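Colleague: Before I use these labels myself, I would like to hear the reasoning behind a few of them. Could we go through them one at a time?

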Amino acid sequence: MDTEALPLRPSADELLHALGHAVIATDTRGTVLSWNDAAEQLYGWPAAEAVGRDITEVTVPEVSQQAAAEIMVALREGRPWSGGFPVRRRSGEVLHALVTDTGVYRGGELIGIVGASLNLGDAVRHLMERSSDAAVLVDEHHLVSYASPAVANLFGWPVDEVVGTPITDRIHPEDHQTLEELLAADPPRAERVGELRVRTDGAWSWVEVAVTDLYTQPGSQGHVCNIRRSERLARLEERERILEAVHSEVLQDLFAAALELDRALMHAAPSSAARIEAARDAVGRAMETLREVVKP
């Protein structure tokens, strides 16, 4: 009896290596058990050298050690973790990845971890870098793991100096609470948009910040902040600047007029002295009113 040959089925390892994402499996102590081809390309470590090492030796830079510890806490509690995460290549270069870590459980006990990651630049850079807005990706500690080139164009922030630092370093201290409220998850709000001040070339400038979550599933970490100059507040600032300049100029003119009237009063005939003194008093009242109503 003829039997048809069974179709070839790929093995689990073949499926793992065919994935476009870097997939790394570790035990609960962080020892690398599996490392696919995409992981070799992303991190620069051959599988033969990566397997058996501690995951923190081959992928996790110093700025991510605390976040890595918190990921382990979430996984031990049965929660997956997804978000933006700075990772380190073998060359020492820190790149910014989108990472999803999921626990492997047996009988309810965590026995291993599978992490899938891809280069953030490959995933969203073409979208962020085409935008005229500045875009930064921040984690729950407010650390920036990615910044688009527009941060330099708009605010004079060198990208290399922004990445790995808290975004709050560049936000006015009085506006930190506004940022906290924007980053807080609040599903009923269709938009999370606010205005705050950022440091630009040694001064504070008003900007509009729109915040969206990088992922929507529970346990996700990371927010995308699109930042643009606030035209409304910039116009108000310009009006205030002009008003201050006019205020100063008008005060100077009134002061000069008061001096002239004082000089005229010294040499005035008795018949005109009363009128000059009344004019001098009127100028004095105008100066006091201007100081009170329009303060610089």
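The exchange below takes up a residue in a loop, a helix and a cavity.

Modeller: Keep in mind that this is a predicted model.

Colleague: Why is D201 called exposed?

Modeller: The relative accessible area of D201 is 72%. Exposed means over 50%, so D201 is exposed. D201 sits in the loop between β8 and β9.

Colleague: What is the phi of D201?

Modeller: Phi is near 55° there, a positive value, and D201 is not a glycine. Most residues other than glycine have a negative phi.

Colleague: Which residues of helix α9 are buried?

Modeller: In α9, which spans residues 176-183, L179, L182 and L183 are buried. That label requires a relative accessible area under 20%.

Colleague: How do you know that L179, L182 and L183 are on the same side of α9?

Modeller: Around the axis they cover an arc of only 95°, so they lie on the same side of α9. Among the elements that cover the buried residues of α9 are β6 (134-138), β8 (193-200), β9 (203-213) and β11 (223-229).

Colleague: How many cavities of 30 Å³ or more does the structure hold?

Modeller: There are 2. The second largest holds about 50 Å³ of space, and its lining includes L179, V136, W157 and I227. Two or more lining residues come from each of β8 and β11.

Colleague: What makes the lining of the second largest cavity nonpolar?

Modeller: By class it has 10 nonpolar residues, no polar and no charged ones. Val, Leu, Ile, Trp and Cys are among the types that count as nonpolar, and V136, L179, I167, W157 and C225 are among the lining residues.

Key:
Residues are numbered from 1 along each chain as its sequence is written. This is a predicted model: local features need pLDDT of at least 70, side-chain atom pairs count only at pLDDT 80 or more; totals for chains, interfaces and linings use all residues. Side-chain values use heavy atoms; hydrogens and water are left out. Buried means under 20% relative accessible area, exposed over 50%, partly exposed in between (1.4 Å probe, protein chains only). Helices (H or I, at least four residues) and strands (E, at least two) are DSSP runs, numbered from the N terminus. The arc is that of the directions from the helix axis to the C-beta atoms. Contact means heavy atoms within 4.5 Å. On a 1 Å grid over the protein atoms alone, a cavity is a set of points where a 1.4 Å probe fits but cannot get out, and a pocket is an open set with protein on both sides within 12 Å along at least five of seven lines; lining residues have an atom within 4 Å of a point. Grid points are joined across faces, edges and corners, and a volume is the space filled by probe spheres set on the points.
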